[in-house]
Structure formats: structure tokens, C-alpha cells
Amino acid sequence: MKGILLINLGSPKDLDDKSIKEFLIEFLSDDLVIDYPKIIQQTLVRGVIVPFRYKNTQAAYEEIWSAKGSPLIEMSKNVSKKLQDKISTPVEIGMRYQEPSIEHGLRSLVNKGCNEIKVIPLYPHYAISTTLTTKLKVEEIVHNLDSNLNIEYVDHFYNSENYIKALSSSIQNYIKPETDLLLFSYHGIPKRHLKKATPERNHSEELCLKSQCVIKEFCYRHQVMETSRLCAEELNLSEDQWKVSFQSRVGPGWLQPFTDKELEKLPSLGVKNITVTCPSFVSDNLETLEEINMEARETFMDNGGEEFNYAPCLNDDESWIEFLASIC
């Protein structure tokens with residue numbers, strides 16, 4: 001029997017110091033997230049980042065936490081339930097970090113009699129810090145389960161027609177006649193990850209920047225640009241009505257332009273009314289609700305912006321559920 005496992009990033013269990021630290025340590029200790037030699041990684045994570053930054057992360061989560069807990073977890077559960085209502089195949093969810101775990105999701109499917117499982121990481125674009133780390137974690141758990149499971153992966157869906165239609169339709173609701181620009185803000189990654197994502201490590205930045213990337217299956221930058229272009233076409237936007245930027249950078253050497261820097265300068269260029277969308281994510285979370293809808297909004301308005309519209313993620317939108325059903 002077949003089964004479906006939806007996988008999202010995850011979040012802290014609650015707002016206690018211990019939970020915040022546990023989440024950050026697990027997340028940042030992933031060798032595909034902070035890809036430094038282990039001794040350097042752990043010195044940074046346990047000696048610098050977590051001790052000195054966890055309070056800031058905790059305060060940010062407090063801004064978005066609901067009575068039910070983490071918005072990401074609750075929305076992932078909603079998506080799973082709505083998808084289950086549409087298909088007869090058993091559906092479970094798992095988080096790459098913390099709970100509900102991937103192992104719990106796989107065991108639940110096995111207990112229901114599933115021996116063929118389609119794994120859908122809820123990331124439209126391929127990146128080693130999202131898609132690949134999820135795939136490797138699933139393989140590790142399947143090996144330890146000692147079950148004869150047949151696993152199929154969905155690596156990306158950045159250019160799928162129905163995904164683009166669902167995304168464009170959700171964005172359209174937040175574009176007004178007076179909107180000057182639609183800003184696609186994607187989660188940033190270090191440039192070195194583009195090369196590490198290719199089997200032969202032969203990613204060409206020059207070709208990629210010219211939109212001529214020859215390793216499209218693994219190139220995060222190509223895929224986010226293509227999602228943006230296809231959405232702009234669907235929304236009938238001209239080239240000067242949309243732009244791509246990257247948020248959440250940590251350290252040098254990350255993809256540019258940076259979202260915060262763009263929002264600082266856009267008002268001085270006459271862009272006073274903006275709509276921002278974050279297609280790296282399909283569920284609203286800390287990076288969208290706090291970093292963009294709060295911090296980025298403040299940055300734009302403080303620098304002369306007049307109106308800032310945030311277009312929420314697909315969340316449990318009906319067209320998104322329909323798309324998931326179609327690839328199941």
C-alpha cells in the first residue's frame with residue numbers, strides 16, 4: 001500500500017529556553033546547514049550562536065506564537081488533514097528538526113500497512129540545506145527501521161504549472177492597482193551551496209547570472225528566478241514591476257541582492273507601494289511572519305515607503321491542496 005509523507009522544516013516545541021536552544025542546536029548542527037568542519041561548526045553553534053542569540057530567536061518566536069503553538073506546525077497539520085480529505089492514500093507529516101519527527105511519520109505509515117511511501121519535502125526549490133538534508137535524514141531513518149520500504153522523492157516543483165497558478169492566484173489578492181512593485185523575497189543560501197548541490201561541483205556563476213544555468217535540476221538560484229518569472233507572466237507583470245531578493249543571510253558570500261537592503265533604497269527610487277511574497281516557503285513561519293511582515297515592513301516604512309503589503313504563503317489554500325493531491 002502507498003503512503004504520503006509531507007516534510008517541513010520544524011520549529012521549537014514551545015517558548016521555553018530549553019526548547020529554543022534544542023531546536024537551534026539541532027538545526028545549526030546539520031552539516032548541510034552550517035557546512036564547516038565539525039569542530040568549527042560546533043564551536044560556533046554551542047559556543048557563540050546559541051548562547052548569545054537564543055534570546056533574540058525566542059523573542060522573535062514570541063511575536064508570532066499562537067494559542068495553539070507554532071504557526072508552522074499548526075499549518076502543516078491543517079494541510080495534512082485537508083489533503084487526507086481529498087485522497088484515499090494515508091498521509092502523515094514530519095519535521096526535519098524536532099517534532100512531530102520524520103521517524104514518527106514513517107512509523108505511522110508503516111503501521112498502517114504502507115510499504116511504498118512518497119516523500120514530499122515542502123520546499124518548491126532544490127537546496128542542499130532543505131531538500132537534500134531531508135532526503136538523507138529519511139534514508140537514515142528507513143535504514144534503521146529495517147523495513148522493506150520503497151521510497152520515492154519529490155525533489156522540487158518550482159515550475160509546475162498548477163503550483164505556479166496556485167501561487168500566482170494567492171499573490172494576486174495582495175496586489176493593488178497602486179502597487180509599484182512585487183518583490184519576491186527568497187530565503188538566502190551561501191553561494192558555495194550552489195556548487196555543492198551539483199554532482200560534479202561544476203556550477204557556473206557566470207551562466208547562472210545570465211539565466212543560462214546548465215544545471216537547472218540542482219540550481220537554487222535558477223529555480224527561484226524561474227518561479228518568479230513564471231508568476232510574473234501569470235500575473236501579467238512587466239519586467240519593471242517585479243524583482244527578486246534574498247533574506248535571512250548569515251555571514252558573507254550569500255546570494256544577492258539582500259531583501260533588507262532593497263527595502264531601504266526602493267523608496268528613494270520612487271517605489272512607495274510594495275507587495276512582498278516569500279515563495280521559498282509554503283507555510284508561514286518565523287522568516288515570513290516576523291522577519292518580513294514585521295521587520296521588513298518597518299524597514300520599508302522608515303525609509304519613506306507609504307504602503308507595504310505582505311502576501312501570505314500558500315498555507316492551506318484550496319488550490320495548493322489541489323496541487324499536492326495531483327502530485328500524490
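A crossing of two helices is called left-handed if the near helix is turned anticlockwise from the far one by less than a right angle, and right-handed if clockwise. Keep that in mind for the second stop. The model you have open is predicted, so local features need pLDDT of at least 70 and side-chain atom pairs count only at pLDDT 80 or more, while totals for chains, interfaces and linings use all residues. Residues are numbered from 1 along each chain as its sequence is written, and side-chain values use heavy atoms, with hydrogens and water left out.

**Stop 1: the sheet with β1**

Select strands β1 to β4 to begin. The labels come from DSSP runs numbered from the N terminus: helices are H or I runs of at least four residues, and strands are E runs of at least two. These 4 strands form an open sheet in the order β2-β1-β3-β4, and the pairing is parallel. Two strands pair if DSSP finds at least two bridges between them. Which strands are the edges? They are β2 (91-95) and β4 (150-153), each pairing on one side only. From one strand to the next, the twist averages 25°; angles here run from 0 to 180 degrees between N-to-C directions, and axes are lines fitted to C-alpha atoms, for helices over the stretch in contact.

Now pick out β3 (residues 116-121), which runs parallel to β4 and is joined to β4 by 4 bridges. Along this pair, Ile 117 stands opposite Ile 151 in β4. Add helix α5 (residues 128-145) to your selection: α5 packs on the sheet and touches β1 (2-8), β3 and β4. The direction of α5 makes about 175° with that of β4. Contact, here and below, means heavy atoms within 4.5 Å.

Next, click on Ser 80, which is found in helix α3 (residues 71-86). Is Ser 80 buried or exposed? Ser 80 is buried, with a relative accessible area of 11%; buried means under 20%, exposed over 50%, and partly exposed in between, using a 1.4 Å probe and protein chains only. Leaving aside neighbours within four places in sequence, Ser 80 is in contact with Leu 6, Val 91, Glu 92 and Ile 93.

**Stop 2: where α6 meets α9**

Two packed helices are described by the angle between their axes and the distance between the axes. Select helix α6 (residues 161-172) and helix α9 (residues 220-234): their axes come within 9 Å and cross at roughly 65°. The crossing of α6 past α9 is right-handed. Show the side chains of Tyr 163, Ile 164, Lys 165, Leu 167 and Ser 168 in α6, which meet Thr 227, Leu 230, Cys 231 and Glu 234 in α9. The residues of this contact divide into 5 nonpolar, 2 polar and 2 charged. Here Ala, Val, Leu, Ile, Met, Phe, Trp, Tyr, Cys and Pro count as nonpolar, Asp, Glu, Lys and Arg as charged, and the others, Gly among them, as polar.

Stay in α6 and centre on Ile 164. This residue counts as buried, at 6% relative accessibility. Not counting residues up to four places away in sequence, Ile 164 touches Tyr 158, Asn 159, Thr 227, Leu 230 and Cys 231.

**Stop 3: the sheet with β5**

Select strands β5 to β8. They make an open sheet of 4 strands in the order β6-β5-β7-β8, with parallel pairing. Its edge strands are β6 (242-247) and β8 (307-311), each of which pairs on one side only. Strand β7 (residues 273-277) pairs with β8 in the parallel sense over 5 bridges. Zoom in on Val 276 and you will find Tyr 310 of β8 opposite.

**Stop 4: salt bridges**

How many salt bridges does a search of the whole structure find? The search finds 24, where a salt bridge is a side-chain nitrogen of Lys or Arg within 4 Å of a carboxyl oxygen of Asp or Glu.

- Return to α9 for Glu 233 and Arg 229, whose closest N and O atoms are 2.6 Å apart in a salt bridge. Because they are 4 residues apart in helix α9, about one helical turn separates them.
- Select Asp 260 and Arg 249, whose side chains meet in a salt bridge (2.8 Å, N to O). Asp 260 lies in helix α10 (residues 259-265) and Arg 249 in the loop between β6 and α10, so the pair ties together parts that are 11 residues apart in sequence. Asp 260 is partly exposed, with a relative accessible area of 30%.
- Finish at Lys 13, Glu 22 and Glu 99, joined into one network by salt bridges that share partners. Within it, the side chains of Lys 13 and Glu 22 meet at 3.8 Å, N to O.
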